[in-house]
Amino acid sequence: MAHPKHKVSSTRRDKRRTHYKAVVPTVVTCSNCGAAVLYHRVCPECGFYRGKLAIEKKAAE
């Protein structure tokens, strides 16, 4: 198993970790109903995707 020959400085360690971060999801508004929707996904409120009906939603009872 490999062992480090020298101590890794905090600056070098932090530079390596610059890409370890949480990504904020891209949220857009639905063109049909105006609800907040994750990008490239069907609207959970109305079932539309890119202006077309993708899934049938049951009417509220």
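A nonpolar patch on the surface of this predicted model is formed by Val 42, Tyr 49 and Ile 55, which together have about 220 Å² of accessible area. Of these residues, Tyr 49 is a useful place to begin, since it can be followed from the patch into other features of the model. Tyr 49 belongs to strand S3, which covers residues 48-49, and with a relative accessible area of 30% it counts as partly exposed, because that class takes in values that are neither under 20% nor over 50%.

From the patch, Tyr 49 leads to the largest pocket, where it is one of the residues that lie nearest the centre, together with Val 28, Thr 29, Arg 41 and Arg 50. The lining of this pocket is made up of 16 residues, and the volume enclosed is about 230 Å³. The elements that give two or more residues to that lining are strand S1 (27-29), strand S2 (36-38) and strand S3. Sorted by class, the lining consists of nine nonpolar, five polar and two charged residues.

Arg 50, also named among the residues nearest the pocket centre, lies in the loop between S3 and S4. Its relative accessible area is 73%, and it is therefore classed as exposed, the cut-off for that class being over 50%. The backbone of Arg 50 deserves attention as well, as its phi is near 55°, a positive value in a residue other than glycine.

A positive phi is found again in the loop between S2 and S3, where His 40 has its place. The phi of His 40 is near 60°, and this residue, too, is other than glycine. With 58% relative accessibility, His 40 counts as exposed. The loop between S2 and S3 also holds Pro 44, which is partly exposed at a relative accessible area of 48%. For a sense of distance across the model, one may take Pro 44 and Thr 18, which are 26 residues apart along the chain and have their C-alpha atoms separated by 34 Å.

Other pairs link positions that are separated in sequence. Gly 34, in the loop between S1 and S2, is partly exposed, with a relative accessible area of 46%; eleven residues separate Gly 34 from Glu 45 in sequence, and the distance in space is 9.3 Å, taken from C-alpha to C-alpha. Lys 52 is part of strand S4, residues 52-53, and its 62% relative accessibility places it in the exposed class. Between Lys 52 and Asn 32 there are 9.0 Å in space, C-alpha to C-alpha, although the two are 20 residues apart in sequence.

The last feature to consider is an ionic one. How many salt bridges does a search of the whole structure find? The search finds one, and the partners are Arg 13 and Asp 14, whose closest N and O atoms are 3.1 Å apart. Because a salt bridge requires a side-chain nitrogen of Lys or Arg within 4 Å of a carboxyl oxygen of Asp or Glu, the 3.1 Å between Arg 13 and Asp 14 meets that condition. Side chains of opposite charge can pair when their charged atoms come close. As for their surroundings, Arg 13 is partly exposed, having a relative accessible area of 31%, and Asp 14 is likewise partly exposed, with a value of 40%.

Conventions: Residues are numbered from 1 along each chain as its sequence is written. This is a predicted model: local features need pLDDT of at least 70, side-chain atom pairs count only at pLDDT 80 or more; totals for chains, interfaces and linings use all residues. Side-chain values use heavy atoms; hydrogens and water are left out. Patches are made of residues with over 30% relative accessible area and no salt bridge: like charges are joined within 9 Å, nonpolar side chains (Val, Leu, Ile, Met, Phe, Trp, Tyr) within 5 Å. Accessible areas come from the Shrake-Rupley method with a 1.4 Å probe; for residues, only the protein chains shown count as cover. Helices (H or I, at least four residues) and strands (E, at least two) are DSSP runs, numbered from the N terminus. Buried means under 20% relative accessible area, exposed over 50%, partly exposed in between (1.4 Å probe, protein chains only). On a 1 Å grid over the protein atoms alone, a cavity is a set of points where a 1.4 Å probe fits but cannot get out, and a pocket is an open set with protein on both sides within 12 Å along at least five of seven lines; lining residues have an atom within 4 Å of a point. Grid points are joined across faces, edges and corners, and a volume is the space filled by probe spheres set on the points. Ala, Val, Leu, Ile, Met, Phe, Trp, Tyr, Cys and Pro count as nonpolar, Asp, Glu, Lys and Arg as charged, and the others, Gly among them, as polar.
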